[in-house]
Amino acid sequence: MGSLRTAHAVTAATAKQRMLKLLICSDAPEQALRYRGFRSIAGVDEVGRGALFGPVVAAAVVLPERLRPLARAGLKDSKQLTREQREDLDMRIRKTALAVSIAEVDAATIDRVNIYQATRIAMLAAVHGLALAPDHLLIDAMRLDHPCPQTRLFYGDALSLSIAAASVVAKVHRDRLMRELDAVHPGYGLASHKGYGTREHRRSLAALGPCPLHRQTFAPVRAVITGEPESTALLFDDPPLEDDDLEAGAD
């Protein structure tokens, strides 16, 4: 029964990934907002929400009005890109953007306030960290406690170039952090799976036990600590697909 549930969850995640590939990432949301008079539009997104290890990372990016160069360079949802594409786009975004800000919320805070609230805290901190004050926020599926007018876009990183830019910047930052932490906490394979709940990570977690940067309240980690049975269902639909090794085989 457990294997059937896992297979269903993976199939659902793969189906979602295929659906996202059909969406067109463009500046249409930004154009609509500019038509209404907004000029400093910040795209906001996060990565690492479904990971078992490390911080959740959010980025806020204010892009200029002319976005065609980034669109031609292939900017879209970071999960649809290879590592090389993301890193190239990260450099292009940073050269092009009017403002870029990144914020992290660590595992201890995630355990204390829950991952949803930690994600909102990271996003809000990223917005507050912008050198250029935004007059509108384009956010991937969330609303923040910020006085600025906001637009929530579900699957926003696959629809809006500004949100996609934030997605890329946040993921490149977090992936680089995971590679650095792999040397500090060897044996877990962090450089490969970036802290997500892959089979490799779960096996090493069971063998080594969690380290201080593991999220103690997440079920697979808690199961190792308490010895209680671990659920075979995935925490979120998409975390395994964010792993570099699995992205290439998502189809």
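Before we look at any helices, one definition: a helix axis here is a line fitted to C-alpha atoms over the stretch in contact, and an angle between two axes runs from 0 to 180 degrees between N-to-C directions. Keep that in mind, and keep in mind too that this is a predicted model.

With that in hand, let's go to helix H4, residues 83–96, and its partner H7. Their axes are 9 Å apart, and the two helices pack at an angle of about 120 degrees. What does that make H4 relative to H7: roughly parallel or oblique? Oblique, because an angle of 120 degrees falls outside the 65 to 115 range for roughly perpendicular and is not over 145, the mark for roughly antiparallel. The crossing of H4 past H7 is left-handed. If you'd like to find the contact on screen, look on the H4 side for residues including Arg83, Leu89 and Ile93, and on the H7 side for Ala165, Val168 and Val172, among others.

Now let's step back to the whole chain. You can count 12 helices and five strands. The chain has 251 residues, and 51% of them count as buried. Contacts reach along the sequence as well: take those between residues at least 6 apart, and 66% of them join residues at least 24 apart. As for the outside, the chain exposes about 11,700 Å², with carbon and sulfur atoms supplying 55% of that.

On to the inside. In soluble globular proteins, nonpolar side chains tend to be buried together. Here, the largest nonpolar core has 33 residues, and the ones with the most contacts inside it are Val56, Ile110, Met123, Leu137 and Ile139. Strands E1, E2, E3 and E4 each give two or more residues to this core, and so do helices H6 and H7. Which element gives the most? That's H6, with six residues. There is also a second, separate core of 21 residues, and Leu81, Leu89, Ala165 and Val172 are among its members. You've met some of those names already: Leu89 of H4 and Ala165 and Val172 of H7 take part in the helix contact we began with.

Let me pick out Leu137 for a moment. Beyond its neighbours within four places in sequence, Leu137 is in contact with residues including Ala42, Val127, His146 and Cys148.

A little after that comes a backbone detail I like. Ala141 sits in the loop between E4 and strand E5. Ala141 is not a glycine, yet its phi is positive, at about 70 degrees. Is Ala141 buried or partly exposed? Partly exposed, because its relative accessible area is 27%. Tyr155, in the loop between E5 and H7, also has a positive phi, near 60 degrees. Tyr155 is partly exposed as well, with a relative accessible area of 38%.

Last stop: helix H9, residues 199–208, where we find Leu208. Leu208 counts as partly exposed, at 49% relative accessibility. Setting aside residues up to four places away in sequence, Leu208 touches Pro186, Gly187 and Tyr188. Leu208 and Tyr188 are 20 residues apart along the chain, and their C-alpha atoms are separated by 8.1 Å.

H9 also meets helix H10, residues 219–226: their axes come within 10 Å and cross at roughly 20 degrees. H9 and H10 are therefore roughly parallel to each other, and this crossing is right-handed. Arg202, Leu205 and Ala206 of H9 are the residues that meet Pro220, Val221 and Val224 of H10.

Thanks for listening, everyone!

How values were computed:
Residues numbered from 1 in each chain as written. Predicted model: local features only at pLDDT ≥ 70, side-chain atom pairs only at ≥ 80, totals over all residues. Heavy atoms only, no water. Helix = DSSP H or I, 4+ residues; strand = E, 2+ residues; numbered from the N terminus. Buried < 20%, exposed > 50% of the residue type's maximum accessible area, 1.4 Å probe, protein only. Contact = heavy atoms within 4.5 Å. Areas by Shrake-Rupley, 256 points an atom, 1.4 Å probe, with all protein chains shown as cover. Core = buried A, V, L, I, M, F, W, Y, C linked by side-chain atoms within 4.5 Å. Left-handed = near helix turned anticlockwise from the far one by under 90°. Parallel < 35°, antiparallel > 145°, perpendicular 65-115°, else oblique.
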